[in-house]
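Me: Could you take a close look at one strand in this model and tell me what surrounds it? A connected walk-through would suit me best.

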Amino acid sequence: MKKIAILGSTGSIGVNALDVIRRNPKRYKVIALSAGRNVRLLKKQIDQYQPKIVSVIDGAHAERLKSILKPPHKTKIVFGSDGYRELATLKETNTVISAIVGSGGLIPTIEAISAGKDIALANKETMVMAGNIVVEKAKEKGVRIMPIDSEHSAIFQCLAGQKRESVKRIILTASGGPFLNFKRKDLERVKPSDALEHPNWKMGKKVTIDSASLMNKGLEIIEAKWLFGIDMENIDVHIHPQSIVHSMVEFIDGSVMAQLSIPDMRIPIAYALSYPYRISEGRPLNLFKIRNLEFLKPDVDRFPNLRLAYEAGKAGGTSPAVLNAANEVVVEAFLHERVKFMDMPIIIESILSSHQSKPSPSLKEILNADLWAKNQAKQQIERMNNKCSV
Ligand code: MG
C-alpha cells in the first residue's frame, strides 16, 4: 500500500491525483494534503479522504478551515513553511506527490527527498531551479523521482528497458497553445482571457499562460535535461496540435519510440504511482476518430521564450532559476493586464542578460537568484507602467 502526501491537493494535478487514488483504494491511501488558500475545496477533500494532517498557506487560512470543519474531525491542521515541511517529511508516508505550482514547490520537495520519500513530480520548477541538487540528493537517499508531467512520463515510458547509450535525442511535443497560428501583431494584442482558453488540456492559470507563451515547454526542456541526464543539444521540440503523442525518444539506430494517449493527466499520474505496473485509468485512444497527427517546427521569433529557455538551460548554474523567477512575475503581471503578452519574453531576456550565473550553485545561491530575478522583474514592470501612465 502506498501511503501518500499530496503537496498542492486543490490544484489541477492534486484533484486528478485524488481521483486516481479514490478509484484504487486498495493500492493507495491519503495520509496528508496541502493546499494554499482554497480551504473550501480542502474541506471537501478532508471530508472525503480523512487525512491525518493538512496544511494551508498561513494562520488565517488555518483558522478559516477550522471554522468550516464539522466536529468531531481528527485531522490535524498546520500552516506555513513549517506546515509544508511537516507534511513533506511525515513518518507514515512513503510517497509524496509534488504538485504545488511554481517556485514554492522547491523546498518542500527537497525536504521530502531528504526524508527518503519517493517523489511523484509534477512541480517542474524543482528540476528547473535546482536540478543539480535534486538529482544528487535523490541518488544519495535512494529516492525514486517519477515524472507526472505528461511529456516526461512519455519519455520515461519510451526509455523503459533501453540502454542510455542508445538514446540519440528526446523530442518533446507541445500543443502550441491557443495562439499557435497567430501573427506577431495579433500576439501584441492578446488578453489573459484569450490565453486561458487552452485547446486540449485543462490546467491552472499559470501553466495555461506558460503553454500559450511556450515557456511551459522551455521549462520542460530543462526538466528533461535533469530527469533523464540528456544534454540540451539533444532535446528538441515539435509542435503537435492534437496532443496525442506526448513525447518521443529517438535512438541511434533511427528508431523512434512514442507514447500516445488521449490528453488526460490521470494517465501519467497513475503511471507515476503504479510503476512498474499499470493500472486502469483514462479512456481508450481512438485513432480512427483523430485521423491526423501533425508535427510542426516551433517558431522562436513569435515565441522567444523557447530560445530563452535553451539559452538558460545551456548556461546552467543559476540561470534557469532566474528564467523561471522572472517568468513567474511577468505571468502574474500579464494576468493582471500590467504587461502585454509580447513584453513577457523581453523582460525575461533583459533580466537573464544582466545575471551573472553561478555554476553548481548551492540551494541558498539558487534561492538568492530567484529572489533577485523576481525583484528585477517587479521593478521593470513598475517602470514600464509608470512610463505608460505619464
Ligand atoms: Mg507538460
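Reply:
**A strand and its neighbours**

Leu 172 has Ser 247 in E10 as its bridge partner, so let's start from that pair, keeping in mind that this is a predicted model. Right beside it, Ile 171 is bridged to Met 248 of E10. Both bridges belong to the pairing of E8 with strand E10 (residues 245-251), which is antiparallel and runs over 5 bridges.

E8 also pairs with strand E9 (residues 235-239), in the parallel sense this time, again over 5 bridges. In that pairing, Ala 174 has Ile 239 of E9 as its bridge partner.

Put the two pairings into the bigger picture and you get an open sheet of 4 strands, ordered E9-E8-E10-E11, with mixed pairing. E9 and strand E11 (256-260) are the edge strands, each pairing on one side only. Going from strand to neighbouring strand in this sheet, the average turn is 20°, direction ignored. As a rule, side chains in a regular strand alternate between the two faces of the sheet.

Now for what lies over the sheet: helix H11 (residues 215-228) sits across E8 and E9, and runs at about 150° to E8. With a cut-off of over 145 degrees for roughly antiparallel, H11 and E8 can be called roughly antiparallel.

How much of strand E8 is buried? Of the 8 residues in E8 (residues 167-174), 6 are buried, so the strand is largely enclosed by the rest of the structure.

Terms used
Residues are numbered from 1 along each chain as its sequence is written. This is a predicted model: local features need pLDDT of at least 70, side-chain atom pairs count only at pLDDT 80 or more; totals for chains, interfaces and linings use all residues. Side-chain values use heavy atoms; hydrogens and water are left out. Buried means under 20% relative accessible area, exposed over 50%, partly exposed in between (1.4 Å probe, protein chains only). Two strands pair if DSSP finds at least two bridges between them. Axes are lines fitted to C-alpha atoms, for helices over the stretch in contact, and angles run from 0 to 180 degrees between N-to-C directions. Contact means heavy atoms within 4.5 Å.
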